[in-house]
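Biologist: Thanks for making time today. Could you take me through this model, one question at a time?

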Amino acid sequence: EKRYRLALTASETVQTPIVSSVTGRAESATLAGTAAYKVTTLDGSRIITEGVAQGTATYDRSTQRFASLRAARDAEIRLAKLLSEQIKTRVAAILATQP
């Protein structure tokens, strides 16, 4: 039986710390993400827990367009898994102590 509701708000940014002086293109990128979460009772009358999970994933950029797109997509997937594991662990710890 359902007892709780999980609300998520996520955002991501891309940072390019290394730029080639020869080509002027970024050689790597860092994907930074945050996910704010809130667990409430199903009727919304009480907040069980809330917080913000943060993480990063890096990837190499290539001159080949599709290789760079795939690398960025893989980094997004890794970041999503990282954030979801953080949230899952935090929520499980709180719910384990609930009566």
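Biologist: Which strands do the buried residues of α1 pack against?

Modeller: This is a predicted model, where local features need pLDDT of at least 70, side-chain atom pairs count only at pLDDT 80 or more, and totals for chains, interfaces and linings use all residues. Residues are numbered from 1 along each chain as its sequence is written, and side-chain values use heavy atoms, with hydrogens and water left out. Helices (H or I, at least four residues) and strands (E, at least two) are DSSP runs numbered from the N terminus, and buried means under 20% relative accessible area, exposed over 50%, partly exposed in between (1.4 Å probe, protein chains only). With contact meaning heavy atoms within 4.5 Å, the buried residues of α1 pack against β1, β2 and β3.

Biologist: Which residues of α1 are buried?

Modeller: A general point helps here: an α-helix has 3.6 residues a turn, so residues three or four places apart point the same way. In α1 the buried set is S68, A71, A72, A75, L79, L83, I87 and V91.

Biologist: What span should α1 have, and how far apart are its end C-alpha atoms?

Modeller: The expected span of a helix is 1.5 Å times one less than its number of residues. For the 33 residues of α1 that should come to 48 Å, which agrees with end C-alpha atoms that are 49 Å apart.

Biologist: In what order do the elements run from the N terminus?

Modeller: The protein has one helix and three strands. Starting at the N terminus, the order is β-β-β-α.

Biologist: How do the three strands form the open sheet, and what angle does the direction of α1 make with that of β3?

Modeller: Two strands pair if DSSP finds at least two bridges between them, and here the open sheet has the order β1-β2-β3 with antiparallel pairing. β1 and β3 are the edge strands, each pairing on one side only, and the twist averages 15° from one strand to the next. Axes are lines fitted to C-alpha atoms, for helices over the stretch in contact, and angles run from 0 to 180 degrees between N-to-C directions. Helix α1 (residues 65-97) packs on this sheet, and its direction makes an angle with that of β3 of about 155°.

Biologist: How many bridges join β2 to β3?

Modeller: On one side, β2 is joined to β1 (residues 4-15) by twelve bridges, with Y4 standing opposite T41. In the pairing of β2 with β3, A32 stands opposite T56, and S28 has D60 as its bridge partner. These antiparallel strands, β2 and β3 (residues 47-60), are joined by 13 bridges.

Biologist: Which residue takes a positive phi in the hairpin of β2 and β3?

Modeller: That hairpin has five residues between the strands. The residue with a positive phi, near 80°, is G44.

Biologist: Why is β2 largely enclosed by the rest of the structure?

Modeller: Strand β2 covers residues 28-41, which makes 14 residues. It is largely enclosed because the number of buried residues among them is eleven.

Biologist: Is T40 buried or exposed?

Modeller: T40 lies in strand β2. Leaving aside neighbours within four places in sequence, T40 is in contact with R3, Y4, R5, R46, I47 and I48. Its relative accessibility is 12%, so T40 counts as buried.

Biologist: Which element gives the largest share of the largest nonpolar core?

Modeller: A nonpolar core is a set of buried Ala, Val, Leu, Ile, Met, Phe, Trp, Tyr and Cys residues joined through side-chain atoms within 4.5 Å. The largest one has 16 residues, of which Y59, A75, L79, L83, I87 and V91 touch the most other members. Two or more residues come from each of β2, β3 and α1. The largest share, seven residues, comes from α1.

Biologist: What radius of gyration does the protein have?

Modeller: The radius of gyration is taken over C-alpha atoms, and the globule rule is 2.2 Å times the number of residues to the power 0.38. The C-alpha atoms fill a box of roughly 60 × 20 × 20 Å along the principal axes. A compact globule of 99 residues would be near 13 Å, but the protein has 18 Å.
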